[in-house]
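Grab your viewer and work through a few short exercises on the fold below. Try each task before reading its solution.

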Amino acid sequence: MAADMPNTNGSSPASSAQEPLIFTMPEPYRGLAASQRPSPSPSSPSIPPPSKPLVPPSGPVQKSTGKGGRRRTRFFVWGGIGLFLALAGAAAYVFIALRPIQIVRQEPVPTPSPIAVKKEEPKVTSPVTVPVPTKEEPKTSSPFPTGTQPGRDGDSDGLTDAEEVLYGTQAGRPDTDADGYLDGNEVFNGYNPKGTAPLTLFESGLVKAHEAPPAYRILYPSPWLIQAFPQDPLRVVFSAPSGETFAVSVQAKDPSQTLGAWYASTNPGKRADELVPSVTKNGYPALTAPDHMTAYVDGGALVILVGYAVGTKSTVDYLQTFQMMVNSLSLLAAAPL
Ligand SMILES: [Ca+2]
Ligand SMILES: [Ca+2]
């Protein structure tokens with residue numbers, strides 16, 4: 001190698017064969033680019049270009065790996081610190097994030113009080129619905145003509161308070177004479193409700209008999225007025241002081257015709273099966289209208305009609321007396337059969 005190098009310092013070749021020559025970079029060239037390097041002075045020796053390309057020695061490569069190790073160490077140190085800070089931040093976030101969840105769970109605890117308030121609301125509304133059906137029940141349960149209601153019966157013995165006055169019985173005692181029969185049942189069958197059986201209403205003077213020869217005989221309360229019709233001696237109207245009227249009339253009927261067939265033939269558009277069949281106390285077949293205010297009694301060759309009209313009243317106060325009158329009907333011996 002040294003033998004290939006040219007002699008730049010001017011020494012003889014003999015001396016160069018004895019000692020190796022070492023070339024160093026002149027001081028002005030150190031740390032500067034090739035373009036900025038000062039031109040060599042004429043006195044300084046010129047440096048010939050190397051005949052072979054310079055190969056970087058292996059030494060500097062080892063030095064560069066030492067700097068990369070430091071960088072890697074720094075990288076791991078700072079990366080570890082960053083990772084530690086990230087984990088610490090995440091842990092702090094999780095710790096803080098869990099606290100609001102506990103607060104939310106504690107909030108529903110004091111809410112039971114409004115639930116108790118909601119339970120009390122239905123109790124307030126329930127009594128409001130109770131009067132509604134009670135108002136509708138009397139309207140639908142009344143069996144009498146539209147606009148009328150049953151008369152008051154304080155002791156539920158079948159006689160209204162008005163009838164208790166009419167027959168002199170006690171309105172607060174169902175069995176006035178204590179004979180085992182209710183006051184209403186005794187009037188229905190023609191017995192005196194305030195006298196021991198077999199004392200009858202007629203025998204007690206509480207009712208009177210009206211005869212319409214040659215057709216029928218009927219009983220009616222003694223205080224009531226009676227109205228006759230000279231042009232129709234078989235027609236009569238009884239009236240109570242309070243305005244109710246009870247009209248009795250007679251219509252002819254084919255003796256072979258049933259009472260229902262007669263009703264259908266004389267009342268076009270009406271059905272006989274809507275009437276309530278029964279048998280009177282004296283054994284005559286009878287039909288009663290659905291509103292309980294008209295009765296048809298079969299007399300064979302005639303039909304006796306008894307009608308109850310409340311007049312200006314809105315209550316049916318004499319239904320038991322009306323039924324007593326129908327039960328008291330009897331055909332006179334002279335009546336055609
Ligand atoms: Ca009564
Ligand atoms: Ca009695």
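The exercises go from the whole chain down to single strands and one helix.

Two ground rules apply: residues count from 1 along each chain as its sequence is written, and chains are lettered from A with ligands numbered from 1, in the order in which they are written. The model is predicted, with local features needing pLDDT of at least 70 and side-chain atom pairs pLDDT 80 or more, while totals for chains, interfaces and linings use all residues.

**Exercise 1.** Take stock of the whole protein.

- Start with secondary structure: there are nine helices and 12 strands. These are DSSP runs numbered from the N terminus, H or I over at least four residues for helices and E over at least two for strands.
- Next, burial: 21% of the 337 residues are buried. That label takes 20 or more other C-beta atoms within 10 Å of the residue's own, C-beta atoms being placed from the backbone; 12 or fewer makes a residue exposed, and partly exposed lies in between.
- Now contacts, meaning C-beta atoms, placed from the backbone, within 7 Å. Of those between residues at least 6 apart in sequence, 49% link residues at least 24 apart.

**Exercise 2.** Trace the strands on either side of β9.

- Pairing needs at least two DSSP bridges between two strands.
- β8 (residues 285–288) pairs with β9 antiparallel, over three bridges; A286 has V297 as its bridge partner.
- Five residues separate the two strands in this hairpin, and H292 has a positive phi near 70°.
- β9 also pairs antiparallel with β10 (residues 302–309), this time over five bridges, and D298 is bridged to V303.
- The β9–β10 hairpin has three residues between its strands, with G300 in the turn at a positive phi of about 85°.
- Finally, check the cover on β9 (residues 294–298): four of its five residues are buried.

**Exercise 3.** Work out how α8 meets these strands.

- Pick out buried residues in α8 (residues 259–266): L259, W262 and Y263.
- They sit on the same side of α8, because their arc around the axis is only 100°, taken from the directions from the helix axis to the C-beta atoms.
- The general rule: an α-helix has 3.6 residues a turn, so residues three or four places apart point the same way.
- The buried residues of α8 pack against β8, β9 and β10.

**Exercise 4.** Which strand order does the open three-strand sheet have?

- The order is β2-β3-β12, with antiparallel pairing.
- The edges are β2 (207–212) and β12 (330–331), each paired on one side only.
- β2 and β3 (residues 216–221) are joined by six bridges, with L219 as the partner of A209.

Notes
Contact = placed C-beta atoms within 7 Å.
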